[in-house]
Every structure is written in C-alpha cells, then in structure tokens.
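Student: Can we go through this one bit by bit? I'll ask as I go.

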Amino acid sequence: MSPATPQVEIVMPATLPLPEVIRHTKRGTPAKVWHYLDRAGKLLFAVARFNTPAGGKEVLPLIQAGMAWRWAAPPEPCPLYGLDRLAARPDAPVLLVEGEKAADAAASLFPEHVAMTWQGGSSATGKADLSPLQGRRVVIWPDPGRQAAAALVPLLEDIGAAAVAVVKVPAGWPEKCGLADTPPDGVTPEVLAGLLTEAEAQATEAREEASERRAEVGRLARLDAVALALALPQAAASLGLPPAALREAVKAAQREAHRAERGHGPAGGNGLDPDARGRADLFVSGSDLPDTARDLAALLAGTPHIFDRGGPVRVVFDAQRGGMVAEPLTLNAVIYEAHAIARPWRFRRDRDGAQIPELVTLPERVALLYLAMRGRWGLRPLDGIASAPLLAEDGGLRVVEGYDPGTRLWGERVPAVEVPEAPDMEDARAALLRLRLFFQTFAFADAVRITPPGAAVPVVDISQPPGRDESAALVALMTAVCRPSLRLAPGLLVRAPAYSGAGTGKGLLSRILCAIAYGQAPRAMTAGSDAAELEKRIVAALIGAEQMLFLDNMNGTALRSDTLASAITERPASVRILGSSTIMLLNPTAFIIAAGNGLAPSEDLARRFLTVELDAGMEDPEARDFKGDLLRDAMERRADLLRDVLTIWRWGRLARDLPVGRPLGSFNDWARWCRDPLLALGCADPAERIAEAKANDPRRRQIAELFAAWWQHHRDMPMKATSLHEDVRALADPANKSRQSLAAILGKLDGTRAAGFVLKRIKTDANWSVTLYALQRDAEPSAPEKHGGHRGHEEFRGLSDGKIKDFEPKDAPYAQALQKTIGATIGARKENGDKSLGTGAPYAPYDPHASPAQVAGEDEDDIIL
C-alpha cells in the first residue's frame with residue numbers, strides 16, 4: 001500500500017506574495033495570469049493560462065498550500081473572479097461571463113456592469129460560490145454551444161438573486177465565440193450592447209411579474225383566517241403557484257407585518273433586522289454545531305488581528321507593557337471576537353409552529369469546537385512582534401507597520417532610520433566609536449578604566465580595544481536589533497560578583513539594549529519559587545510573542561531551563577501549554593536576557609548565551625554618583641544609536657572576506673550578521689568564554705571532584721557501586737539515599753567526560769551479572785569548544801609543601817575545578833609520610849588535555865589524585 005499523501009492547508013487569503021516569475025515545470029511561462037481577489041482586495045489565488053503548441057489553451061489555478069505556492073484547484077465552493085469590483089459597486093448590475101479573459105473584455109465593453117466569472121469553465125458552475133450575488137441583478141452572457149447558462153439560472157435563483165436573465169446569442173455565431181474573441185462579421189459593439197439591453201428588458205418583465213406576485217401576497221396577508229382560506233385557491237391558480245407555496249409566502253408576509261408593527265425595520269434574507277454595525281449573520285445549527293464552528297472559523301480567518309501561533313491568538317495592546325502582545329484566545333475570548341464580527345442566530349418556533357429567527361449568544365460548545373480545530377483555523381501564522389526594522393541578507397531593511405506576510409511578523413512603532421547605502425570601514429569604525437562612548441560608564445569587568453578630569457566615576461578607556469565584556473555587550477546590542485530577522489540567535493547573560501554585585505548596572509544595561517533595539521524597556525521577570533514556576537513564566541512570555549524575555553534577579557543561580565534551551569536553538573521550538581499536556585510549536589523571536597549576581601549558566605545553556613561581567617571594583621557599587629539618566633538618553637537618541645548599529649550591520653553584509661570567529665553551533669547566520677563585523681573592527685570574540693562558562697557549572701565541578709576522588713581511591717579498576725570508597729559515594733550521592741539511587745546516578749554518568757577522565761560501564765555477557773564501572777583517562781582530545789583561552793594556565797606553577805604557588809586562574813577553568821581536590825590530596829599524602837613533596841620542583845605549563853597525574857608533574861604510575 002502506498003503511503004497516504006499528507007494534507008496541506010490551503011491558505012486563503014494568501015499570506016505569501018505571488019512569485020515574481022511564475023513558471024510551470026512542464027508548460028513553461030504562462031501567457032496570462034489573473035488574480036482572484038476577495039472583497040477587500042486581498043489575493044485569494046491566481047489562475048494562469050498556457051498556450052499549447054497545437055494552438056489551444058490550458059488554464060491552471062495556483063494556490064498557496066502551507067507556506068508554498070502550488071498548482072492545484074482551490075477548495076469548493078470556489079470564489080468568483082471580480083469580488084473586489086462587486087464590493088466597490090453595490091448597486092451596479094452584474095454581467096456573468098465564461099472565463100477570465102472574457103470578464104476583462106466585458107469590463108471594457110460594458111463599464112456600467114460588474115463583469116465577473118467563475119473558475120473552472122462551463123463544467124464547474126456547481127463548484128462556484130455564487131452567494132455574493134444574492135440580491136443583485138445578474139445577466140449571463142453564454143458562450144455559443146455551451147450549457148453553462150442553463151445550469152447557472154437555477155443556482156442564482158436558489159441563492160436569491162434579484163433578477164436573472166440570459167443573453168440570447170444569435171444562432172449563427174461560431175461555437176465558443178465569447179466576448180474576448182473576434183466577433184462575427186458585422187457584429188459591432190452596438191450590436192453587443194443591443195443583445196445585453198434585450199436580455200435586461202426580459203429581466204425587467206420578470207421583475208414586474210414578481211412585483212405583482214408580491215402585491216397579491218400582501219393583499220392575502222391582510223385577510224383574516226376565514227377569508228384567507230376562501231381566497232387562497234383562486235389566487236394560487238391566477239399566479240400559477242401551488243397553494244402550499246402561496247400559503248408559506250403569505251405566512252412570511254404576515255410575520256414581516258408583525259415585525260413592522262413592533263417598530264423593527266425590514267428583515268434580511270433570514271428574517272433578521274439589518275445590523276447597524278454591518279456584522280455578518282452566523283447561523284447556529286442546533287443539530288450540527290461543528291458546522292457552525294467551521295462557519296465561525298471562516299469569519300475569524302478574515303479578522304486582521306487574529307493569527308495562528310501554535311493556536312489562535314489575537315494581537316492586542318497591553319498598556320502595562322506599552323506595546324502589542326499576542327494573547328491566546330480562550331473560550332470567552334472566542335465568544336467576544338465572534339460577536340465583534342458576527343451575529344449568531346437560530347430559529348425558534350412560535351405558537352403557530354412557524355420558525356422565527358432570533359439572535360443568541362454564541363454557545364460555549366461552538367467556541368470549544370472552534371478551539372479544537374487545530375490546523376483548520378485558516379489563520380495567518382504569527383512568528384513574533386518587531387519594533388526594529390526588518391533586515392535582509394543583502395543588507396536591505398524595511399519599515400513595516402502591521403502584519404508582514406513575508407516574515408510572518410507584526411511590526412509596531414518601527415522608526416524610519418537613515419542608513420548609508422554602502423558604508424565603508426571608516427563609517428563602521430565611526431559608528432562603533434559612538435556606541436562605545438555611549439556605553440563607557442558601564443563597569444565592564446575586564447575593561448581598562450580611567451577617571452577623566454572632573455568625572456564622578458571611572459569610565460572605559462576607549463583608546464584601548466574593547467575587552468571581552470564590552471565586546472559581548474556590543475555584540476548583544478547587534479543581536480537585539482537583528483533578532484526579529486534572524487532564525488536563531490543566542491541570549492545574553494549579565495552577571496556581577498555574588499556579594500558585591502548589587503548596583504553594578506546589570507538591569508540598566510539590559511534595559512538600554514532593549515530601548516535601543518525596540519523602543520521600550522523589557523518587563524522584568526523573576527524565577528519564582530521553583531524551577532516549574534520559572535518554566536511556566538517563560539512559556540507564557542514565548543506564547544505572548546514578546547520581543548524581550550528578561551529574567552532578572554537570578555542571584556546565586558545556576559540557570560537551567562529546557563524551555564530556554566529549546567527556544568534559543570530550535571525552530572520551531574516545542575513548549576508545553578500551561579495546565580495541560582498539549583505541546584505547542586512556536587517560532588520564538590524574543591531576545592532573551594538573564595541577569596543576576598553570581599549567576600552562571602548550566603553546561604547545556606553555556607553555548608546558548610553571550611556573557612557580560614560587570615564589576616565596579618568596590619564594595620557598594622550602588623553608591624556611585626552618576627549624572628543624568630542613561631535610559632532616558634537611550635530612548636531620546638534611539639534613532640541615532642539604531643543608525644550606528646545598522647551601519648555596522650550593513651557594512652558587514654556588503655563587505656567581503658571579513659574575519660570569521662569561533663564556530664558557535666546553531667548560530668552561523670547570527671555570527672555573520674552580528675559578531676563577525678565587530679571582530680573585524682577590533683572587538684573580542686564572546687564565543688571564547690564558553691569553556692569558562694561550562695567549567696563554572698556547579699554540576700560540572702561536582703563531577704570533576706567525583707572523578708578526582710574516584711581516581712585517588714580506585715584508579716582504573718572496575719568497581720561495583722557498593723564497593724566504592726565512602727568519599728566517592730558521598731560525592732556521587734550526597735543525600736545517601738540508597739544503593740539503588742547510587743546505581744541510578746552512576747548509570748546516568750556512563751560516558752561522561754570531565755577533568756580529563758571518562759566513566760565507562762563495563763559490559764558483560766551474563767544477563768544477571770553485577771554492573772561494573774571503570775574510570776579511564778580520556779584519550780580523545782577535547783573539542784576546541786571545550787577549552788578556550790588558556791593564557792592563565794601557563795601560570796599554574798610550583799607545588800610544594802601542600803601549597804599551590806603563583807596560581808592565577810583568570811583563564812584556567814579546569815585548573816579552578818581541580819585546585820581544591822589537588823590541594824586536599826597533597827595534604828593527605830603528606831600526612832601519610834610521602835617524602836616526595838616539598839622539593840620545590842617547578843611544574844610544567846598546565847595542559848588541559850593531560851591527566852591529573854601529568855598536571856601534578858609526576859609519573860603516571862604514581863597516585864596523585
């Protein structure tokens with residue numbers, strides 16, 4: 001059995017622009033393309049005509065299926081061609097012809113008519129949606145030899161056209177000779193106009209007969225029940241109607257008269273008063289509520305502020321946040337939005353058994369059914385909200401307000417920024433200098449700072465190249481501006497010392513970056529009481545399509561979050577809807593920031609964040625006396641600062657052979673757009689801090705200590721969990737829960753590499769044998785990503801008398817991790833009478849790929865750890 005063909009959602013109106021060059025793989029380039037538009041002028045689909053080598057034609061529809069254009073038929077019932085012209089001229093008569101080419105010709109020949117057609121030709125009349133012609137005067141101009149007119153007349157009468165007429169084409173005309181073809185000899189435009197006038201005259205006669213019929217029905221409706229029973233048979237015979245049909249018409253007229261007596265206006269086609277707000281009528285079918293939900297979906301699909309973001313959401317203004325947010329549609333929100341665009345109604349029976357229409361509140365079951373229509377809402381997709389210009393690979397930028405189908409973003413308050421068309425390196429350097437001047441009061445930890453005459457606080461010496469922290473902040477600013485236009489981008493981690501970091505400017509730096517990029521400060525979010533609460537808050541912010549996700553006051557925390565990890569490096573990202581087990585797929589575009597004193601990312605998040613360290617070099621940083629309001633200045637100077645950022649970005653996009661920084665996993669596009677241009681201007685590479693961030697992960701340090709103790713007591717001997725030394729068991733399972741807990745912990749560490757070791761499970765052939773583990777030296781060189789910047793390692797010298805001398809671990813994360821363990825081991829060995837210590841022999845430079853024995857400078861046969 002062949003696999004089923006996957007169903008692809010048809011998108012109407014289309015959210016993608018038509019390709020500039022339309023081409024069929026077999027038929028080539030079309031001779032003509034027609035656009036089918038809705039009443040508002042939005043593109044529904046297109047129809048292309050191809051000329052065949054034999055002189056014929058082939059017409060194919062082109063629709064948006066998912067996020068691509070495909071050659072396929074639109075769904076039934078198919079919209080008419082010319083709906084935009086019909087909406088623009090509500091009182092004009094309609095001329096219905098066969099084919100788009102004939103419709104265009106008819107529009108030129110008879111400008112007083114609205115020329116329209118249907119897709120698919122004479123055999124597809126039953127597939128067309130003729131409902132927009134309800135209440136309109138319609139004249140059909142058939143092609144000779146075709147049967148479309150005969151099929152259209154009853155269809156138009158069924159939908160309630162005010163009048164229907166058919167042009168009588170002379171019998172001698174060639175077959176299929178339409179208005180777009182060359183007319184027979186002697187047939188002038190005046191002759192064609194005469195044929196149309198004659199058909200309309202016949203329609204007028206039909207309307208007069210209908211008027212007489214309505215007058216008779218009105219007379220009968222004013223009779224009492226006895227008089228009506230006596231007059232009805234003779235009236236039915238004179239009108240040529242069945243008595244039962246005439247009786248129903250009289251009852252309808254009587255109901256209309258009762259409505260008029262109660263002060264209501266004339267009813268619509270369903271018997272309801274016309275809506276003063278122009279809302280559509282939504283029929284609630286008690287026997288088929290799913291059908292009502294589908295009708296509701298069709299109405300909501302045309303609402304400009306409702307989108308699909310893993311589920312229906314509405315873009316609304318949040319006064320507290322000062323910007324637009326995407327708010328998921330709840331049950332009550334569906335009801336509210338339904339009543340904003342439609343009037344739900346149903347029939348009820350009166351005492352006489354007649355069906356009376358009445359307005360109702362949309363039933364909750366209909367709203368629930370609508371929310372359950374996953375994948376069938378017909379809504380436009382929304383990836384995010386952007387207040388920065390939308391950027392392109394070629395260096396182009398656009399200012400967008402409202403929804404942009406190409407990027408699937410909602411633009412709001414995007415400033416018009418004048419950026420040089422072709423900036424050179426000098427333009428980029430000048431822009432970088434201006435940005436450094438603006439940020440020079442921040443206490444970047446590794447920056448050279450000076451105190452100019454008359455200055456209240458030290459500032460960054462911008463005559464020196466940017467250090468790692470200042471560089472990371474500048475790259476973060478580039479990232480924030482470019483984030484809406486990038487598929488993936490890292491987040492930003494701003495940290496300060498654990499006990500003297502309050503007031504160093506972490507929150508201010510975060511807010512200024514967002515103010516420049518988005519024109520507003522981020523909404524600060526704390527971690528909450530536990531990890532689950534943090535995940536809930538992150539998911540809510542991501543669903544809301546917020547431009548910034550700011551985790552503040554994450555003090556003394558090892559930042560861990562599966563949701564953050566997914567949101568930063570996956571697209572789409574999977575998040576779990578709050579309060580349920582439903583997984584939602586989102587395309588996050590938020591710029592993610594985490595700030596705190598003593599904050600460190602867990603190992604899985606280390607490569608996903610840029611790190612900026614702030615250190616004011618004083619006990620009370622909040623006591624510094626700054627002049628002015630830097631955040632207010634950023635808001636006021638946003639256009640200028642944004643121009644400088646975009647000047648550097650555009651220069652980077654247009655320049656050739658820029659230096660390439662260290663590879664950073666999933667962020668290749670981000671590196672080319674945001675980081676590499678700054679590297680070319682002299683900034684440091686923030687990716688070099690990843691190894692340091694990983695080494696600072698508390699869990700990684702704990703594993704390093706565990707492996708050091710294991711090697712000290714057991715070397716590479718296979719061991720059972722229960723036979724491990726008590727020091728090893730204490731490090732592996734500090735809670736000392738049970739043997740089963742210890743075995744589970746070791747099982748999870750199988751294959752883990754840390755501190756130059758790897759833990760391996762020893763496989764045996766027996767089914768019920770005891771599980772053994774062995775610690776081995778990691779012979780495989782670590783990837784460059786795991787070790788970056790070992791300048792400080794060369795200073796790891798001198799082990800004597802139990803003390804580590806001249807150790808400066810500025811760039812030695814692994815030395816930091818092992819320092820405590822090595823010192824403790826040396827002390828233990830000295831207590832045991834080891835005379836090899838105290839010689840003062842110098843140690844070789846620290847090698848991150850060496851075993852701990854090699855690091856300590858002894859033969860590998862000696863037990864060092």
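Student: How many bridges join strand 5 to strand 7?
Tutor: Three bridges join strand 5 (residues 94-96) to strand 7 (residues 137-140), and the two strands run parallel. Leu96 has Ile140 of strand 7 as its bridge partner. Keep in mind throughout that this is a predicted model.

Student: And which way does strand 7 pair with strand 8, parallel or antiparallel?
Tutor: Parallel, over four bridges, with strand 8 covering residues 163-166. In that pairing Val138 stands opposite Val164 of strand 8.

Student: What holds strands together like that, in general?
Tutor: Strands of a sheet pair through backbone hydrogen bonds, in either the parallel or the antiparallel sense.

Student: Next, the five-strand sheet. What is the strand order?
Tutor: The order is 24-25-29-23-31, in an open sheet with parallel pairing. Strand 24 (524-525) and strand 31 (609-613) are the edges; each has a single partner strand, so one side of each has no neighbour in the sheet.

Student: Which residues make up the pair of strand 23 and strand 29?
Tutor: Strand 23 spans residues 491-496 and strand 29 spans residues 591-597, and they pair in the parallel sense over five bridges. Ala496 stands opposite Asn597 of strand 29.

Student: Which strands does helix 11 lie across?
Tutor: Helix 11 (residues 468-482) lies across strand 23, strand 29 and strand 31, and runs at about 135° to strand 31.

Student: Back to the edge. Where is Ala524, and is it buried or exposed?
Tutor: Ala524 is in strand 24. Its relative accessibility is 39%, so it counts as partly exposed. Leaving out residues up to four places away in sequence, Ala524 touches Arg511, Phe550 and Asp552. Ala524 and Arg511 are 13 residues apart in sequence, and their C-alpha atoms are 9.3 Å apart.

Student: Now the packing. Which residues touch the most other members of the largest nonpolar core?
Tutor: Leu551 and Trp670, out of 89 residues in that core. Helix 11 supplies the largest share of the core, ten residues. There is also a second, separate core of 46 residues, which includes Leu44, Ile63, Ala149 and Val167.

Student: What does Trp670 touch?
Tutor: Not counting residues up to four places away in sequence, its contacts are Val475, Thr479, Leu486, Leu488, Ala489, Pro490, Leu610, Leu664 and Arg675.

Student: Different topic: Glu412. Where is it, and is it buried or exposed?
Tutor: Glu412 is in the loop between strand 20 (409-411) and helix 10 (425-439). Its relative accessible area is 5%, so it is buried.

Student: What does the side chain of Glu412 reach?
Tutor: The backbone nitrogen of Met324, at 3.1 Å. Beyond four places in sequence, Glu412 is in contact with several residues, among them Gly323, Ile385, Val400, Gln520 and Gln547.

Student: On to backbone geometry. Which phi sign and which peptide bond form do most residues have, glycine aside?
Tutor: Most residues other than glycine have a negative phi, and most peptide bonds are trans. Arg408 is not a glycine, yet has a positive phi of about 60°. Ala545 is likewise not a glycine and has a positive phi of about 55°.

Student: Where do Arg408 and Ala545 sit?
Tutor: Arg408 is in the loop between strand 19 (402-404) and strand 20. Ala545 is in the loop between helix 13 (531-543) and strand 25 (548-551). Arg408 is buried, at 17% relative accessible area, and Ala545 is buried at 3%.

Student: And which peptide bonds are cis?
Tutor: The bond from Met12 to Pro13 is cis, with omega near -5°, and the bond from Glu76 to Pro77 is cis, also with omega near -5°. Pro13 is in the segment before strand 1 (32-37), while Pro77 is in the loop between strand 4 (68-71) and helix 1 (83-88).

Student: Last one, helix 22. Which of its residues are buried?
Tutor: Ser741, Leu742 and Leu746 are buried in helix 22 (residues 739-748). They cover an arc of only 135° around the axis, so they lie on the same side of helix 22. The face turned away from that buried side carries the exposed residues Gln740 and Lys748.

Key. Residues are numbered from 1 along each chain as its sequence is written. This is a predicted model: local features need pLDDT of at least 70, side-chain atom pairs count only at pLDDT 80 or more; totals for chains, interfaces and linings use all residues. Side-chain values use heavy atoms; hydrogens and water are left out. Buried means under 20% relative accessible area, exposed over 50%, partly exposed in between (1.4 Å probe, protein chains only). The arc is that of the directions from the helix axis to the C-beta atoms. Two strands pair if DSSP finds at least two bridges between them. Contact means heavy atoms within 4.5 Å. Axes are lines fitted to C-alpha atoms, for helices over the stretch in contact, and angles run from 0 to 180 degrees between N-to-C directions. A nonpolar core is a set of buried Ala, Val, Leu, Ile, Met, Phe, Trp, Tyr and Cys residues joined through side-chain atoms within 4.5 Å. A polar contact is a pair of N or O atoms within 3.5 Å; within protein, one must be able to donate a hydrogen and the other to accept it, and residues adjacent in sequence count only if both atoms are side-chain atoms.
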